[in-house]
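Reader: I would like to go through this model with you and ask, for each label, what stands behind it.

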Amino acid sequence: MVLPEMTLDPVGRKLVNLLQEGLPLEKDPYGILAGKLGVPRSEVAERIRDLTDSGYIRRVGGIFAPVAMGYSSTLVGMRVPEDRFCDVAAFVNSFGGVTHNYRREGFLNMWFTLTVAEDSEKETFIQDIRNRFVLEHVYEFPRARHFKLRVFFDMERE
């Protein structure tokens, strides 16, 4: 995906940095961001909408700890023939428990994280992928240890 060129002013750069740090868990998080930026709340909402519409921000939302909520998650790696790749990706992405679906170089060329409430839901989904797209190589890599990566792109740094 090639993003359109977009120039961020200093407020936009600071807003992206604040969003990367996380939304305040308050009644009016955009109002709090507006206060930090010195702009009206409506401008914060408009800027976030523009960044989302242009593809620079994929989503603004909470990230929950699935295990703490009784869910389980697993990493899935698959070998998907190129002529079916987009169809498989669309199907995988349509499932509500899927996050982080990426194309990778190598034998296993599609990877995603699957979070479900019941193991039977996971088994049904994976078997459905195998059957629907005639995929032979679909592997689960259950989480053995929890790693949380913190990625931050400093937009205010020159």
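Reader: Leaving aside its neighbours within four places in sequence, which residues is Met-78 in contact with?

Author: This is a predicted model, and in it Met-78 is in contact with Val-88, Val-92, Phe-107, Leu-108, Asn-109, Met-110, Phe-112, Ile-129, Leu-135, His-137 and Val-138, its neighbours within four places in sequence being left aside. Contact here requires heavy atoms within 4.5 Å.

Reader: Which residues touch the most other members of the largest nonpolar core, and which elements supply at least two residues of this core?

Author: Met-78 and Phe-112 touch the most other members of that core, which has 19 residues. S1, helix H4 (85–93), strand S3 (110–116) and helix H5 (119–133) each supply at least two of its residues, and the largest share, 5 residues, comes from H4. A second core, separate from this one, has 15 residues, among them Val-16, Leu-19, Val-39 and Leu-51.

Reader: Why does Leu-75 count as partly exposed?

Author: Partly exposed residues lie between the limit for buried, under 20% relative accessible area, and the limit for exposed, over 50%; Leu-75 has 35% relative accessibility and therefore counts as partly exposed. Leu-75 is found in strand S1, which covers residues 72–78.

Reader: What makes Leu-75 part of a nonpolar patch on the surface?

Author: A patch takes residues with over 30% relative accessible area, and its nonpolar side chains are joined within 5 Å; the 35% of Leu-75 is compatible with that first limit. Together with Phe-107, Tyr-139 and Phe-141, Leu-75 forms a patch with about 360 Å² of accessible area.

Reader: And why is Gln-127 called partly exposed?

Author: The reasoning rests on the limits of 20% and 50%: Gln-127, at 37% relative accessibility, therefore counts as partly exposed. Gln-127 has its place in helix H5, and its C-alpha atom is separated by 16 Å from that of Pro-142, 15 residues apart along the chain.

Reader: What radius of gyration does the chain have, and what would a compact globule of 158 residues have?

Author: The chain has 19 Å, whereas a compact globule of 158 residues would have a radius of gyration near 15 Å. The C-alpha trace spans about 55 × 35 × 25 Å along its principal axes, and buried residues make up 30% of the 158 residues.

Reader: How many helices and strands does the chain have, and in what order do the elements run?

Author: There are 5 helices and 4 strands, and from the N terminus on the elements run α-α-α-β-α-β-β-α-β.

Conventions. Residues are numbered from 1 along each chain as its sequence is written. This is a predicted model: local features need pLDDT of at least 70, side-chain atom pairs count only at pLDDT 80 or more; totals for chains, interfaces and linings use all residues. Side-chain values use heavy atoms; hydrogens and water are left out. Patches are made of residues with over 30% relative accessible area and no salt bridge: like charges are joined within 9 Å, nonpolar side chains (Val, Leu, Ile, Met, Phe, Trp, Tyr) within 5 Å. Accessible areas come from the Shrake-Rupley method with a 1.4 Å probe; for residues, only the protein chains shown count as cover. A salt bridge is a side-chain nitrogen of Lys or Arg within 4 Å of a carboxyl oxygen of Asp or Glu. Buried means under 20% relative accessible area, exposed over 50%, partly exposed in between (1.4 Å probe, protein chains only). A nonpolar core is a set of buried Ala, Val, Leu, Ile, Met, Phe, Trp, Tyr and Cys residues joined through side-chain atoms within 4.5 Å. The radius of gyration is taken over C-alpha atoms; the globule rule is 2.2 Å times the number of residues to the power 0.38.
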